[in-house]
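Subject: Structure handover

Hello,

Here is the structure I said I would pass on. Please open it next to this email and follow along as you read.

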Amino acid sequence: FGPPGTYTAASAAASSAEQQQPDAAASALGTVAAAFCFEAHPRVGRAALVYRTKPGARGAAAKVRPDPQVWFQDLGCRWHYIAPSFTAYFRLLVVHLAITNWQYAYTDIGLDPVARQWMALYCPERLASDDAMALHNSRRW
């Protein structure tokens with residue numbers, strides 16, 4: 001665990017992506033060039049912008065894509081893909097009303113009971129949507 005923006009986050013995101021994606025899909029994503037933590041909370045986790053290289057390019061010829069993805073690191077130090085861009089991440093943040101732990105709706109861990117209660121009170125339609133997505137993902141495996 002290093003300070004925000006160090007290579008530690010990038011290498012963790014890369015290893016997580018390789019574990020979650022088949023070899024062909026992982027090579028199509030490109031390798032991680034850099035990662036920058038933009039949100040960190042000791043009781044929630046941290047979110048990072050992850051910049052990747054263009055697929056197929058290697059070494060000094062590898063060009064970094066201008067569109068970073070957003071990944072979330074939970075308290076167990078596992079990385080989870082959240083959104084294809086910061087704009088999409090910010091839209092999700094607004095839709096979830098920035099309720100603490102909302103990012104866990106996009107992990108295999110799921111929302112904790114307190115976050116579920118707050119979401120049931122303030123954004124029940126989003127909670128229903130997140131539950132449906134979790135059910136769909138559990139059937140896929």
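Which residue in β3 stands opposite alanine 48? That residue is tryptophan 71. Please keep in mind throughout that this is a predicted model.

The sheet

The pair above belongs to the contact between β2, residues 45-52, and β3, residues 69-73. These two strands run antiparallel and are joined by five bridges. As background, strands of a sheet pair through backbone hydrogen bonds, in either a parallel or an antiparallel way.

β2 also pairs with β1, again antiparallel, and here the number of bridges is eight. In this pairing, arginine 46 of β2 has alanine 40 opposite. Three residues lie between β1 and β2, and the two strands form a hairpin.

Taken as a whole, the sheet is open and has four strands, in the order β1-β2-β3-β4, with antiparallel pairing. β1 (32-41) and β4 (79-83) each have a single partner strand, so they stand at the edges and one side of each has no neighbour in the sheet. On average, neighbouring strands are turned by 30 degrees against each other, direction ignored.

Helix α3, residues 86-95, packs on this sheet and touches β1, β2, β3 and β4. The direction of α3 makes about 90 degrees with that of β4.

Threonine 107

The next residue to look at is in the loop between α3 and α4 (113-122), where you will find threonine 107. Is threonine 107 buried or exposed? Its relative accessible area is 12%, and because the cut-off for buried is under 20%, threonine 107 counts as buried.

The side chain of threonine 107 reaches two backbone atoms. One is the oxygen of tyrosine 104, at 2.9 Å. The other is the nitrogen of glycine 110, at 3.4 Å. Apart from its neighbours within four places in sequence, threonine 107 is in contact with Phe72 and His80.

The cysteines

How many disulfides does the count come to? The count is zero, where a disulfide requires two cysteine sulfur atoms within 2.5 Å. Cysteine 37 is buried, with a relative accessible area of 18%. Cysteine 77 is exposed, at 51%, as the cut-off for exposed is over 50%.

A good place to begin is the β2 and β3 pair, with alanine 48 opposite tryptophan 71. From there, move on to helix α3, which packs on the sheet, and then to threonine 107 in the loop that follows, between α3 and α4.

Regards

Key:
Residues numbered from 1 in each chain as written. Predicted model: local features only at pLDDT ≥ 70, side-chain atom pairs only at ≥ 80, totals over all residues. Heavy atoms only, no water. Pairing = 2+ DSSP bridges. Axes fitted to C-alpha atoms, helices over the stretch in contact; angles between N-to-C directions. Contact = heavy atoms within 4.5 Å. Buried < 20%, exposed > 50% of the residue type's maximum accessible area, 1.4 Å probe, protein only. Polar contact = N/O pair within 3.5 Å; in protein donor to acceptor, adjacent residues only side chain to side chain.
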